[in-house]
Amino acid sequence: MNLHLFKLLIVDDENMVRLGFEKLIKWENYGIELCSSCSNGQEALDYILNNDIDILITDIKMPIMTGIELLTELSSRKMLPTVTLVLSAFDEYQLIRNCFKLNIDDYLLKSNYDESSVATSILNILNDKLGEKSKANDTQ
């Protein structure tokens, strides 16, 4: 049986956050393959332009290109991944609102995230979106 692994990209300028996502979460247990991690939005954009990803987890405030700029660029190119999460240290209403205007799926605070909350959020979103896609295909 060939299990499809959803491809994940993590974008954060904090090395410890990236390492935490890379080492502490056993992505394969959730049907997810960690493809790469990037330290800013420009690196992530370059990666996405050359690789297919299904899931993007990005920080907001980063040097060179912010997460908001990355999401705006991906949205304008109609290249937003199936699941897009923002992970931020900032619990600011305007930042959160701006992210949701860019059609992100969830906004998680760095102070509150753990393996279970991140994986549950991703899996719930994937189930919802795959269920919607399946229903759309059934009606055609």
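Two strands count as paired if DSSP finds at least two bridges between them, the strands (E, at least two residues) and helices (H or I, at least four) being DSSP runs numbered from the N terminus. This is a predicted model, in which local features need pLDDT of at least 70 and side-chain atom pairs count only at pLDDT 80 or more, while totals for chains, interfaces and linings use all residues. Residues are numbered from 1 along each chain as its sequence is written, and side-chain values use heavy atoms, with hydrogens and water left out.

Select Ile55 first, and then Val83, its bridge partner in β4. Widen the selection to β3 (residues 55–58) and β4 (residues 83–88), parallel strands joined by 4 bridges.

Next, show the open sheet of 5 strands, whose order is β2-β1-β3-β4-β5 with parallel pairing. At its edges are β2 (32–38) and β5 (106–109), each of which pairs on one side only.

Now add helix α1 (residues 15–24), which packs on the sheet and is in contact (heavy atoms within 4.5 Å) with β1 (6–11), β2, β3 and β4. Helix α3 (residues 67–76) lies across β1, β3 and β4.

For the interior, colour the largest nonpolar core, a set of buried (under 20% relative accessible area, 1.4 Å probe, protein chains only) Ala, Val, Leu, Ile, Met, Phe, Trp, Tyr and Cys residues joined through side-chain atoms within 4.5 Å. Of its 24 residues, Leu9, Val11, Leu56, Leu70 and Tyr107 touch the most other members. Finish with a second, separate core of 18 residues, which includes Phe6, Trp27, Ile32 and Ile125.

Conventions. Axes are lines fitted to C-alpha atoms, for helices over the stretch in contact, and angles run from 0 to 180 degrees between N-to-C directions. Buried means under 20% relative accessible area, exposed over 50%, partly exposed in between (1.4 Å probe, protein chains only).
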